[in-house]
Amino acid sequence: MSNKENGVVYGTEDVLTSLCNSVTRVLNVATQTKIHYSGMVQRITKTGLKPDIGCFVLFDGGFSGLVVLNFAGDAALEIYEKYMLSMGMPKSELATTFTSDEVSNILGELMNQIVGDFTGKVRRELQTNITQNQPKMLVLTKQVMLSVDTPLDRPEMRRVSFFTEANNIFYLELAIDRTEFIKLHDFDSSEIIDPDAFMDMQQANQGNAAKPASPAPAADNDSDELLRSLGM
């Protein structure tokens with residue numbers, strides 16, 4: 001968020017930066033590589049799905065918008081391969097062309113994780129909620145250009161270039177209603193506990209709580225002796 005004299009204001013570029021950080025955060029972890037985005041952003045007049053693979057997600061709630069990722073074939077295949085190899089898959093079993101359904105499915109899964117990471121930050125940092133639909137993936141030929149329209153009253157549209165470790169390029173496009181969030185008072189926007197870490201902590205606590213019960217077998221032996229002494 002950017003500091004101003006009359007409070008903290010969160011606008012379109014802040015939303016875009018948060019979304020870009022979600023893209024790099026998810027893909028860096030998934031592919032175990034370094035993906036970064038340009039320091040320059042483009043103002044555009046419309047969003048679209050472009051060759052070779054286009055993916056889009058609509059969101060609604062506190063504010064409405066559309067997120068589009070357009071991958072060149074080389075970028076799509078590189079991200080897919082790096083992700084699968086990091087999961088332990090042998091290279092010989094991977095798809096070799098970006099037109100494979102497996103490539104589209106993996107990119108759709110990663111797109112879902114990206115927008116999920118972004119919506120989580122919106123809840124924490126903006127104290128509002130947005131919901132998303134399932135990502136839609138399309139493999140497009142060079143002769144096809146599709147436009148995606150979303151009902152926005154005062155749309156603002158941006159495009160950002162991303163670069164993979166091998167310098168392949170893909171693009172993020174964002175369309176949202178023009179809006180600003182103004183901070184009224186301080187609040188805690190700390191990260192939510194990782195679910196896996198939370199479950200491990202809970203299991204550890206349960207294990208510690210169960211330890212005092214270990215003398216129970218001795219008590220059982222005493223009861224058995226008493227019953228035997230009574231001829232039972």
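**Salt bridges and burial in a predicted protein model**

This predicted model exposes about 13,600 Å² of surface, and carbon and sulfur atoms supply 52% of it.

Me: How many helices and how many strands are there in the protein?
Reply: The secondary structure of this protein includes both kinds of element. Among them are helix α1, which spans residues 12–31, and strand β11, which spans residues 155–163. In total, the protein has 5 helices and 13 strands.

Me: What percentage of the 232 residues in the protein is buried?
Reply: A residue is called buried when its relative accessible area is under 20%. Among the residues that meet this cut-off is Asp117, with a relative accessible area of 16%. For the 232 residues of the protein, the buried part is 40%.

Me: What share of the contacts with a separation of 6 or more comes from residues 24 or more positions apart?
Reply: The contacts considered here have a separation of 6 or more in the protein. Within that set, residues 24 or more positions apart account for 69%.

Me: Which residue in helix α1 is linked to Arg158 of strand β11?
Reply: The side chain of Arg158 takes part in a salt bridge with an N to O distance of 2.6 Å. The pair links distant parts of the chain, its two residues being 145 residues apart. The partner in helix α1 is Glu13.

Me: Why does Arg158 count as buried, and how does Glu13 count?
Reply: Arg158 counts as buried because its relative accessibility is 3%, and the cut-off for buried is under 20%. Glu13 has a relative accessibility of 36%, and the class between 20% and 50% is partly exposed. Glu13 therefore counts as partly exposed.

Me: Which residues are joined with Glu156 into one network?
Reply: Glu156 forms a salt bridge with Arg158, their closest N and O atoms being 3.7 Å apart. Both Glu156 and Arg158 are buried. Through salt bridges that share partners, the network joins Glu156 with Glu13, Arg158 and Arg178.

Me: In which helix do Lys121 and Asp117 both lie?
Reply: The side chains of Lys121 and Asp117 meet in a salt bridge at 3.9 Å, N to O. Lys121 is buried at 8% relative accessibility, and Asp117 is buried at 16%. The two residues are 4 residues apart, about one turn of the helix, and both lie in helix α3.

Me: How many salt bridges does a search of the whole structure find?
Reply: The salt bridges include the one between Arg158 and Glu13. Another pairs Lys121 with Asp117. The search of the whole structure finds 8.

Methods:
Residues are numbered from 1 along each chain as its sequence is written. This is a predicted model: local features need pLDDT of at least 70, side-chain atom pairs count only at pLDDT 80 or more; totals for chains, interfaces and linings use all residues. Side-chain values use heavy atoms; hydrogens and water are left out. A salt bridge is a side-chain nitrogen of Lys or Arg within 4 Å of a carboxyl oxygen of Asp or Glu. Buried means under 20% relative accessible area, exposed over 50%, partly exposed in between (1.4 Å probe, protein chains only). Contact means heavy atoms within 4.5 Å. Accessible areas come from the Shrake-Rupley method with a 1.4 Å probe; for residues, only the protein chains shown count as cover.
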